[in-house]
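This report describes the fold and the interior of one protein chain. The sequence and the structure come first, and the text follows.

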Amino acid sequence: EVQKSISKHNEFAPFIVLSNSNLLDFVRSSSAVMAAMSVTQSGQSIILKNGGMKSILRLINHLDFFIQREAMRCVANFAGSHRFRQYVVKEGGVETVTVAA
């Protein structure tokens, strides 16, 4: 239901902005929201429509373990989707995950 509201009102963009914040709690919150939304294809679609894949991949290299874990969870959810895994590859996700590991 929350994803429907976010999609309907185009309210996902602030989470992308928060993922670039210097405040750790904002980045943690943003990464947690993206991880939760990446569980469903509708959530994945919302993330992609708002350019979220670049933010997710950038967060993989964050110094905070919680943020890294949530970003990796997002990538794993996208990679597990036959419909959306191509976007991980197109954005350089394979290389990013390989370097981070």
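## Helix α5 and the nonpolar core

Helix α5 is mostly covered, with 6 of its 8 residues buried. Buried means under 20% relative accessible area, exposed over 50%, and partly exposed in between (1.4 Å probe, protein chains only). The model is predicted: local features need pLDDT of at least 70, side-chain atom pairs count only at pLDDT 80 or more, and totals for chains, interfaces and linings use all residues. Residues are numbered from 1 along each chain as its sequence is written, and side-chain values use heavy atoms, with hydrogens and water left out.

The buried residues of α5 are Gly 52, Met 53, Ser 55, Ile 56, Leu 57 and Leu 59. Their cover includes α2 (13-18), α3, α4, α6, α7 (85-90) and α8 (93-100).

The largest nonpolar core (buried Ala, Val, Leu, Ile, Met, Phe, Trp, Tyr and Cys residues joined through side-chain atoms within 4.5 Å) has 20 residues. Phe 12, Met 34, Ile 47, Ile 56, Leu 59, Val 75 and Phe 78 have the most contacts inside this core. Four elements, tabulated here, give two or more residues to the core.

| Element | Residue range |
|---|---|
| α3 | residues 24-37 |
| α4 | residues 41-49 |
| α5 | residues 52-59 |
| α6 | residues 65-79 |

The most comes from α6, with 5 residues. Leaving out residues up to four places away in sequence, Ile 47 touches (heavy atoms within 4.5 Å) Phe 12, Met 34, Met 37, Ser 38, Gly 52, Met 53, Ile 56 and Phe 78.

The protein chain has 8 helices and 0 strands; these are DSSP runs numbered from the N terminus (helices H or I, at least four residues; strands E, at least two). Buried residues make up 37% of its 101 residues.
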